[in-house]
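Trainee: Please take one part of this model, its salt bridges, and examine it closely. I should like the partners, their setting and their exposure treated together.

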Amino acid sequence: MTIHRRSFLGGTLGGAAALGCNLLSFPADAAEFRLRFGNNQVADYPLNVRMREAANNIRERTGGRVELMVFPAGQLGTDTDMLSQVRSGALQFYSASGLVLSTLVPVSAINALGFIFADYNQVWSAMDGDLGGTIRGSIEKVGLVAFPKMFDIGFRQITSNETPISKPTDLKGFKIRIPPSLLGVSMFKALNAAPVTLNWAETYTAMQTRVVDGQENPLSIINSGKFYEVQKYCALTGHMWDGYWMLGNSSSFRRLPKEIQEVVAEEFAKAAENDRADIAQLESSMKGNLESKGMAFATTDQGSFRAALQQAGFYKEWRGKFGDDAWKILEKYTGTLT
């Protein structure tokens, strides 16, 4: 539960109780620093595969002084729970998407605006550059440290059952499942769709029973969710990109010896770079995989969707919410949006 054996009983008893964990006495040869990392992805997702590698590397490079324990699949609670835990210090590290984090740091959702990035060159230029730096600055103000390299989630695509979505007018009245997100609701309403916010567990059944006409997710998630069983078409809209910020409790992290901070930061950066390559490889093979399972693909013109959002006043509305300073930095990478 805590980063330091010597402060375990004194400083974090309340945090441990909140998680319902038993306090155990550690043997004399136990790691000096015991760190926990929680997330909501399955154990074999690239994020967790690479973070387990990072944990091994950190242990080796620190001579066993640091043990990083990886808790996948929501074992430590929901995203809301883990965000609260990492803020309080009960959890040392947590990976949050920009959309999830935006409930606390609104500007962290700016990268998920619709149809702003044409490709990954733009994404990583922005997120590894000034736009990512601006977001990290805002994250630090709420007592968290955000490590510079983001992990990839992927571009989101739209699936449908009756007809493929190839142009903005195809979305008129289209009942599309989206995760709870003000930004997502705003975007699809601006495109005259009918967004329906549902939890992930309800998505497959909602499509199967025609409660919704379709959904939107990266190809890897469309495949793992077996949506090809209840959806005929996939439109390569690439309408939204989001990634995971690796977050740490600022006070806990700064209490680590400087040399350990540096090792942890270096291994997190390496894990993120490897994760990006994993997702790219996964996405490149996924189209053929889904086609082999009966899903047909449609191409789209991103420019027509961006124009529709501009005409609807979508970008102007969100510029007002994110502020002119952040918006100007965003447009350095995306071109003029308003």
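**Salt bridges in and around one helix**

Mentor: Lysine 287 is partly exposed, at 31% relative accessibility (buried means under 20% relative accessible area, exposed over 50%, partly exposed in between, with a 1.4 Å probe and protein chains only). The model is predicted: local features need pLDDT of at least 70 and side-chain atom pairs pLDDT 80 or more, while totals for chains, interfaces and linings use all residues. Residues are numbered from 1 along each chain as its sequence is written, and side-chain values use heavy atoms, without hydrogens or water.

The partner of lysine 287 is glutamate 291, with 2.9 Å between the closest N and O atoms of this salt bridge (a side-chain nitrogen of Lys or Arg within 4 Å of a carboxyl oxygen of Asp or Glu). Glutamate 291 is likewise partly exposed, at 38%. The two lie four residues apart in helix H12, so about one helical turn separates them (helices are DSSP runs of H or I with at least four residues, numbered from the N terminus). Elsewhere, shared partners join Arg61, Glu266, Glu267 and Lys270 into one salt-bridge network.

Within that network, glutamate 267 pairs with arginine 61, the closest N and O atoms again being 2.9 Å apart. This pair links distant parts of the chain, 206 residues apart: glutamate 267 belongs to H12 (residues 258–292) and arginine 61 to H3 (residues 46–61). Glutamate 267 is buried, with a relative accessible area of 1%, whereas arginine 61 is partly exposed at 44%. In total, the structure holds 18 salt bridges.
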